[in-house]
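Trainee: May I ask for guidance on how to read a structure that is new to me?

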Amino acid sequence: MTTAVLSLGSNLGNRLGFLQLAVASLGDRVLAASSVYETDPWGTAGPNFFNAVLMASDPALDARGWLDEAFRAEALAGRTRETVWGPRTLDVDVIACYDEDGAPVVVDEPTLSVPHPRAHQRAFVLVPWLQVQPQARLAVGGEDISVRELIAQLAQAERASVRHTPLTLSAFTAHVS
């Protein structure tokens, strides 16, 4: 496996700085970074999130390796996991993975599901993903559906909760050790 779609979110502290930290932790493996979007909290009350999506590539990583990289970035940001869907300094989710031929990878384990089982319900994932990969597709219930179509299927309130900002992430920053 070489390519992953990673969703970033932060709603505590220096939200933009924590997203940028995740980008920096991946270094030159980042192929593309979406703009930053501000979104209402999903599944909980709390401050608004900054969200973005990255496309990253590393021929040495499989889906588990991308999850390890996500946890590493979260640890760099001081992320703790006391509450599901609670406020956080940084959340990095593995949304999808593709092998060296571009074929989607499916993983269904207790601690890792790829594609992400709820990505199709979350505008804060789909909207930035569409920005970096306009032809993106996601398997939902065994059916391959375009991300554009999945966004159209969301409730208007869900789509409206994702607001584009003028903020961007630098995909080419120094690698964080």
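Mentor: The turns that follow take one feature at a time, and the model discussed is a predicted one.

Trainee: Let us begin with helices. How many residues does helix H1 have, and what span should they cover?

Mentor: Each residue of a helix is expected to add 1.5 Å, so the twelve residues of H1 (residues 15-26) should span 16 Å. The end C-alpha atoms of H1 are 18 Å apart, which agrees. The 14 residues of H2 reach 20 Å from the first C-alpha to the last, close to the 20 Å expected.

Trainee: Which residues of H1 are buried?

Mentor: A residue counts as buried when its relative accessible area is under 20%. In H1 the buried residues are Arg15, Phe18, Leu19, Ala22, Val23, Ala24, Ser25 and Leu26. Among the elements that cover them are strand E1 (3-10), strand E4 (49-57), helix H2 (63-76) and strand E5 (91-98).

Trainee: And which residues are buried in H2, and what covers them?

Mentor: The buried residues of H2 are Ala63, Gly65, Trp66, Leu67, Glu69, Ala70, Ala73 and Glu74. Their cover includes E1, H1, E4, E5, strand E6 (107-109) and E7.

Trainee: Why is helix H3 described as largely enclosed?

Mentor: Eight of the ten residues of H3 (residues 123-132) are buried, so the rest of the structure largely encloses this helix. The buried residues are Ala123, Phe124, Val125, Leu126, Pro128, Trp129, Leu130 and Val132.

Trainee: How should the ends of a helix be read? Which residue caps the N-terminal end of H2?

Mentor: Asp62 caps that end, with a side-chain oxygen 3.2 Å from the backbone nitrogen of Arg64. Beyond H2 comes Gly78, whose phi is positive, near 75°. Just after H1, Gly27 likewise takes a positive phi, of about 55°.

Trainee: What is the general rule for such backbone angles?

Mentor: Most residues other than glycine have a negative phi, and most peptide bonds are trans. In this model the peptide bond from Val114 to Pro115 is cis, with omega near 0°. Pro115 is located in the loop between E7 and H3.

Trainee: What is the general idea behind a nonpolar core?

Mentor: In soluble globular proteins, nonpolar side chains tend to be buried together. Here the largest nonpolar core has 30 residues, and those with the most contacts inside it are Leu6, Leu8, Leu19, Trp66, Leu90, Val92 and Cys97. Two or more residues of this core come from each of E1, H1, E4, H2, E5 and strand E7 (112-114). There is also a second, separate core of 24 residues, which includes Val5, Val53, Phe124 and Val132.

Trainee: How many aromatic pairs does the structure contain?

Mentor: A search of the whole structure finds zero aromatic pairs. A ring may also be examined for a charge above its face, and here Arg15 lies over the face of Phe50, at 3.7 Å from the ring centre.

Trainee: What else does Arg15 touch?

Mentor: Arg15 belongs to helix H1. Not counting residues up to four places away in sequence, it touches Ser10, Glu38, Asn48, Phe49 and Phe50. With Glu38 there is a polar contact between the two side chains, at 3.2 Å.

Trainee: Now the loops. Is Asp58 buried or exposed?

Mentor: The relative accessible area of Asp58 is 13%, so this residue is buried. Asp58 lies in the loop between E4 and H2, and its side chain makes a polar contact with the side chain of Arg29 (3.2 Å).

Trainee: Where is Ser161, and which residues does it contact?

Mentor: Ser161 sits in the loop between helix H5 (156-160) and strand E10 (162-164). Its relative accessibility is 10%, so Ser161 counts as buried. Leaving aside neighbours within four places in sequence, Ser161 is in contact with Glu38, Thr39 and Asp40.

Trainee: How does Leu12 count on that scale of accessibility?

Mentor: Leu12 has 34% relative accessibility and therefore counts as partly exposed. This residue is found in the loop between E1 and H1. Not counting residues up to four places away in sequence, Leu12 touches Phe18, Pro87, Arg88 and Thr89. Sequence separation and spatial separation are read together: Leu12 and Arg79 are 67 residues apart along the chain, and their C-alpha atoms are separated by 9.9 Å.

How values were computed:
Residues are numbered from 1 along each chain as its sequence is written. This is a predicted model: local features need pLDDT of at least 70, side-chain atom pairs count only at pLDDT 80 or more; totals for chains, interfaces and linings use all residues. Side-chain values use heavy atoms; hydrogens and water are left out. Helices (H or I, at least four residues) and strands (E, at least two) are DSSP runs, numbered from the N terminus. Buried means under 20% relative accessible area, exposed over 50%, partly exposed in between (1.4 Å probe, protein chains only). Contact means heavy atoms within 4.5 Å. The expected span of a helix is 1.5 Å times one less than its number of residues. A nonpolar core is a set of buried Ala, Val, Leu, Ile, Met, Phe, Trp, Tyr and Cys residues joined through side-chain atoms within 4.5 Å. Rings of Phe, Tyr and Trp (its six-membered ring) pair if their centres lie within 6.5 Å; planes under 30 degrees apart count as stacked, over 60 as edge-to-face and the rest as tilted. A charge sits over a ring if NZ of Lys or CZ of Arg is within 6 Å of the ring centre and within 35 degrees of the ring normal. A polar contact is a pair of N or O atoms within 3.5 Å; within protein, one must be able to donate a hydrogen and the other to accept it, and residues adjacent in sequence count only if both atoms are side-chain atoms.
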